[in-house]
Amino acid sequence: EKLEKAVEFSKYSRVNFGNLDITQINNDRSNAVMDLGFKFKSNNHSKKIGNDIFFSILPFNENSFYLEEDENRRLPLEIPFAYNDDYEIEYNLPKGYKINSLPNPIKFSSDYGVYEMHVENKGDTVIVKRKFTLNKVTLEQSKIKSYVDFRKKINSYDNSKILITKI
């Protein structure tokens, strides 16, 4: 059962999981909360250039979609339910490497929701904490562009990189 869930989960990722170990699955249907803990190794999540390695802070690319603005749209855009999407990811640095560059912390909000991301260096570990809350809203044509811009801004921060350098 864990393998089936891992395969299903991996289709939402831009990472090819070479070794995926699901350590926790907690599906609390009564509170509409799912916690998933796992460890993985991947050969395609980072890119090496000289003595540097850089990689995306999030191995998942769920927010990469864009809603195109349509001037001819007549009906409002409805986001029928609110949700929270929170990640805490720990990266273990390879031996002989140090942090060269981390994204700056960011927090912003709008009528559509709240986004917060913080990346912390703890010795040989980098911890990424990302929280996103999407509100239930109905958007008239005049508000769709600002919603699209909000989602693009989130996507931009979700695609931030970490740079590590060989010591």
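**Exercises on a predicted fold**

An open sheet of 4 strands has the order 6-10-9-8, and its pairing is antiparallel. Here strands (E, at least two residues) and helices (H or I, at least four residues) are DSSP runs numbered from the N terminus, and two strands pair if DSSP finds at least two bridges between them. This is a predicted model, in which local features need pLDDT of at least 70 and side-chain atom pairs count only at pLDDT 80 or more, while totals for chains, interfaces and linings use all residues. Residues are numbered from 1 along each chain as its sequence is written, and side-chain values use heavy atoms, with hydrogens and water left out.

**Exercise 1.** Determine which strands are the edge strands of this sheet, and which strands helix 2 touches.

Solution. Begin at the borders: strand 6 (83-92) and strand 8 (106-110) each pair on one side only, which makes them the edge strands. From one strand to the next, the twist averages 5°, where axes are lines fitted to C-alpha atoms, for helices over the stretch in contact, and angles run from 0 to 180 degrees between N-to-C directions. Helix 2 (residues 141-158) packs on the sheet and touches strand 6, strand 8, strand 9 and strand 10 (125-134), contact being heavy atoms within 4.5 Å. The direction of helix 2 makes about 170° with that of strand 10. Finally, strand 8 is joined to strand 9 (residues 113-122) by 5 bridges in the antiparallel sense, and within this pair Lys107 has Glu116 as its bridge partner.

**Exercise 2.** Trace the bridge partners of Phe54 in strand 3 and strand 12.

Solution. Strand 3 (residues 46-49) and strand 4 (residues 52-56) are antiparallel over 4 bridges, and Lys47 is bridged to Phe54 of strand 4. These two strands form a hairpin with 2 residues between them, and Gly50 in the turn has a positive phi of about 65°. Next, strand 4 runs antiparallel to strand 12 (residues 161-166), joined by 5 bridges, and Phe54 has Leu163 of strand 12 as its partner.

**Exercise 3.** Decide whether Met34 is buried or exposed, and name the residues of its nonpolar surface patch.

Solution. Met34 lies in strand 2 (residues 33-42). Buried means under 20% relative accessible area, exposed over 50%, and partly exposed in between (1.4 Å probe, protein chains only); with a relative accessible area of 51%, Met34 is therefore exposed. Ile25, Met34 and Leu36 make a nonpolar surface patch of about 240 Å².

Technical notes. Patch = residues over 30% accessible without salt bridge, like charges linked within 9 Å, V, L, I, M, F, W, Y side chains within 5 Å. Areas by Shrake-Rupley, 256 points an atom, 1.4 Å probe, with all protein chains shown as cover. Salt bridge = Lys/Arg side-chain N within 4 Å of Asp/Glu carboxyl O.
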